[in-house]
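Trainee: Could you take me through one part of this structure slowly? I'd like to see how a single helix sits among its neighbours.

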Amino acid sequence: MARLGAHLSAAGGAWRAVEAARSCGCEALQLFLRAPGRWAAAALAEADVVRFREAAVSAGVEGLCFAHAPYLLNLASDDENLRDRSVVVLVEELRRAGRLGLAGVVLHPGSGGEGDRVSAEARCRAAVSEAVERAGDSAAALLLEGQAGAGGQLGRTPSELARFVEPGLRDGRVGVCLDSAHLWGAGYDLLGDGWERVLGELAEHWQLAAPQLFHGNDTTVELGSRRDRHAPPGEGRLGRRFFSKLLSDARCGDMPIVLEIPPGDGNVLVKKALARLRRWSR
Ligand SMILES: [Zn+2]
């Protein structure tokens, strides 16, 4: 059975996201380690690390917690300054996540804008290697997330994502996160043969049966529109049909699935969406 959870607020400290996860009955958790639209982050005190780790054990989500890197990062930018800053922040995130015992840091690979795609991919590949090497052995894994593909975004497909990883990093230091809303926007018909194509590419290019993390978002956008808009499962085009298929797919047996939706007051919308998924998985 997949491990169901959500992206939850870490306002007031990372451990608070674990408390929220516990109150929502989450079996997996994603959080930001700094405000997603800001470069700067307050230092992570050792006391906060201990508090987080203890909370994760007692909430039963130890080893199933993930961070999402800030949206500002762009490893593929042709602006050297921005690229360097992005690597510095990514290294910090990977190390922080390692201290907290997280299973991975999710990253959007970046965008080459209007420029040449091949050079953008080469910049991204070099920056991924640099960040992972610099982060060191105690860092968490880097999980490259598939994108819908708007405005020169790189990494629309599992095979494209694999191009950012030098063969030497295929030792668990770099993995994949996929998002059903992004896959749909990227043109995978998840109600038709798209899901099999996704898993086929993962097997071929990553030697994986399932991604390390899945963002279980529904979406209201058109198939292949390259747009990215999240909706709670059952409130978009994917609906029960896709999510029931996902939840009963033996290849995704213990895969963590997190929702990225507006949580509502007291995370009421997260609780409602998780209850729906649990019903559909029976
Ligand atoms: Zn993301």
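Mentor: Let's take helix H3: its buried residues pack against helix H1 (14-24), helix H2 (46-59), strand S3 (65-68), strand S4 (104-107), helix H4 (117-135) and strand S5 (142-145). Packing here rests on contacts, meaning C-beta atoms, placed from the backbone, within 7 Å of each other. Helices (H or I, at least four residues) and strands (E, at least two) are DSSP runs, numbered from the N terminus.

Keep in mind that this is a predicted model: local features need pLDDT of at least 70, side-chain atom pairs count only at pLDDT 80 or more, and totals for chains, interfaces and linings use all residues. Residues are numbered from 1 along each chain as its sequence is written.

So who's buried in H3? Arg83, Ser86, Val89, Leu90, Glu93, Leu94, Arg96, Ala97 and Leu100. They sit on the same side of H3, because they cover an arc of only 165° around the axis, taken from the directions from the helix axis to the C-beta atoms. An α-helix has 3.6 residues a turn, so residues three or four places apart point the same way. Turned away from that buried side is a face carrying the exposed residues Glu80 and Asn81. (Buried means 20 or more other C-beta atoms within 10 Å of a residue's own, exposed 12 or fewer, partly exposed in between; C-beta atoms are placed from the backbone.)

Right after H3 comes Gly101, with a positive phi of about 80°.

Notes: Contact = placed C-beta atoms within 7 Å.
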